[in-house]
Amino acid sequence: APQLTTHRYFRMAIESPLLHAPSNSSRGISKKVALTAALCLGVIVASAFFISGQDNKLASMPRVSARAALTCPRMCGMPTVSSIGQATRRLPNLRGGAMTEIAKGVSFDTVAREWRMKWSPDADKASLVKAQEALDEVLTEVKAIPGVKSVQRVVCGGCLDFKVVTSLEADKFGDWEGSEFSPEKKFLEKVKGIDGISFVETQTYTLMPM
């Protein structure tokens, strides 16, 4: 159906049959009231038309969930787990092996998996102590992963962060991903059961010394 302009909305309102009723002195005031009401109706209808058009524009825009907004690879353009393997340009590596180039001047030969969470200072930092104990239980297994370069722990007493970053040679990372990053599942289930631990998350990214 053809769209109606704001002008036509006003015209429709003003030409309402209500305004063409026989007029006489006793209905003079009623006619003025009707005219005012018709003009108000025109404004309301035109406003509704405008808002509807804006809603249609918003509906056509891509929506980002809260979870996605917190996921760095999707928001900042860095490669996700699967897209890292799709970067195919190989460059010489002074450290040995080959480098993969994400974009001009941005290359890597190391991919890291991060396990992170928040701990609580309650009960003399009991949750932090238990998180470290959970890490100690799997640390030997993590260090034995083929291609592992380093296992680092990050603890922040201000933000209450506890992070474990395991770095692997890029060409070995796919094999670890294929095993569901074992022993990741076991470790995460352990820390999720600790009272005071919250916001347990994982992330994959490239990690290079500069």
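## An aromatic cluster and its surroundings

Phe173, Trp176 and Phe181 form one aromatic cluster, and that is a nice place to begin looking around this predicted model. The chain has 210 residues, of which 28% are buried, and its secondary structure amounts to eight helices and seven strands. Among contacts between residues at least 6 apart in sequence, 65% link residues at least 24 apart. Below is a short tour, starting with the aromatic residues and moving on to a helix pair, a glycine in a loop and some backbone details.

**The aromatic cluster**

- If you search the whole structure for aromatic pairs, you will find four. One of them is made by phenylalanine 173 and tryptophan 176, with 6.1 Å from centre to centre and 90 degrees between the planes, an edge-to-face arrangement.
- Both phenylalanine 173 and tryptophan 176 belong to helix α7 (residues 170-178), where they are three residues apart, or about one turn of the helix.
- Are phenylalanine 173 and tryptophan 176 buried or exposed? Both of these residues are buried.
- Phenylalanine 181, also in the cluster, has a charged partner: the charged end of arginine 113 sits over its ring, 4.0 Å from the ring centre.

**Helices α6 and α8**

- Helix α6 covers residues 122-143 and helix α8 covers residues 184-192; their axes come within 9 Å and cross at roughly 170 degrees. An angle over 145 degrees counts as roughly antiparallel, and α6 and α8 are therefore roughly antiparallel to each other.
- Which residues of α6 and α8 meet? From α6 come Ala131, Ala134, Leu135, Glu137, Val138 and Glu141, and from α8 come Lys186, Phe187, Lys190 and Val191.
- The residues in this contact of α6 with α8 comprise six nonpolar and four charged, with no polar ones.

**Glycine 147 in its loop**

- Glycine 147 is placed in the loop between α6 and β5 (148-156).
- With a relative accessible area of 18%, glycine 147 falls under the 20% cut-off, so this loop residue counts as buried.
- What does glycine 147 touch, leaving aside residues up to four places away in sequence? Its contacts are Ser167, Leu168, Glu169 and Lys172.
- Alanine 170 is 23 residues from glycine 147 along the chain, yet their C-alpha atoms are separated by 8.3 Å.

**Backbone details to check on screen**

- Most peptide bonds are trans, and most residues other than glycine have a negative phi. The residues in the next points depart from one or the other of these habits.
- Where is the cis peptide bond? This bond joins serine 182 and proline 183, with omega at about 10 degrees. Proline 183 lies in the loop between α7 and α8.
- Glutamate 180, found in the loop between α7 and α8, has a positive phi of about 60 degrees without being a glycine. Its relative accessibility is 58%, so glutamate 180 counts as exposed.
- Aspartate 124 likewise has a positive phi, near 60 degrees, and is not a glycine. Aspartate 124 is in helix α6, and with a relative accessibility of 68% this residue counts as exposed.

Methods:
Residues are numbered from 1 along each chain as its sequence is written. This is a predicted model: local features need pLDDT of at least 70, side-chain atom pairs count only at pLDDT 80 or more; totals for chains, interfaces and linings use all residues. Side-chain values use heavy atoms; hydrogens and water are left out. Axes are lines fitted to C-alpha atoms, for helices over the stretch in contact, and angles run from 0 to 180 degrees between N-to-C directions. Helices (H or I, at least four residues) and strands (E, at least two) are DSSP runs, numbered from the N terminus. Angles under 35 degrees count as roughly parallel, over 145 as roughly antiparallel, 65 to 115 as roughly perpendicular and the rest as oblique. Contact means heavy atoms within 4.5 Å. Ala, Val, Leu, Ile, Met, Phe, Trp, Tyr, Cys and Pro count as nonpolar, Asp, Glu, Lys and Arg as charged, and the others, Gly among them, as polar. Rings of Phe, Tyr and Trp (its six-membered ring) pair if their centres lie within 6.5 Å; planes under 30 degrees apart count as stacked, over 60 as edge-to-face and the rest as tilted. Buried means under 20% relative accessible area, exposed over 50%, partly exposed in between (1.4 Å probe, protein chains only). A charge sits over a ring if NZ of Lys or CZ of Arg is within 6 Å of the ring centre and within 35 degrees of the ring normal.
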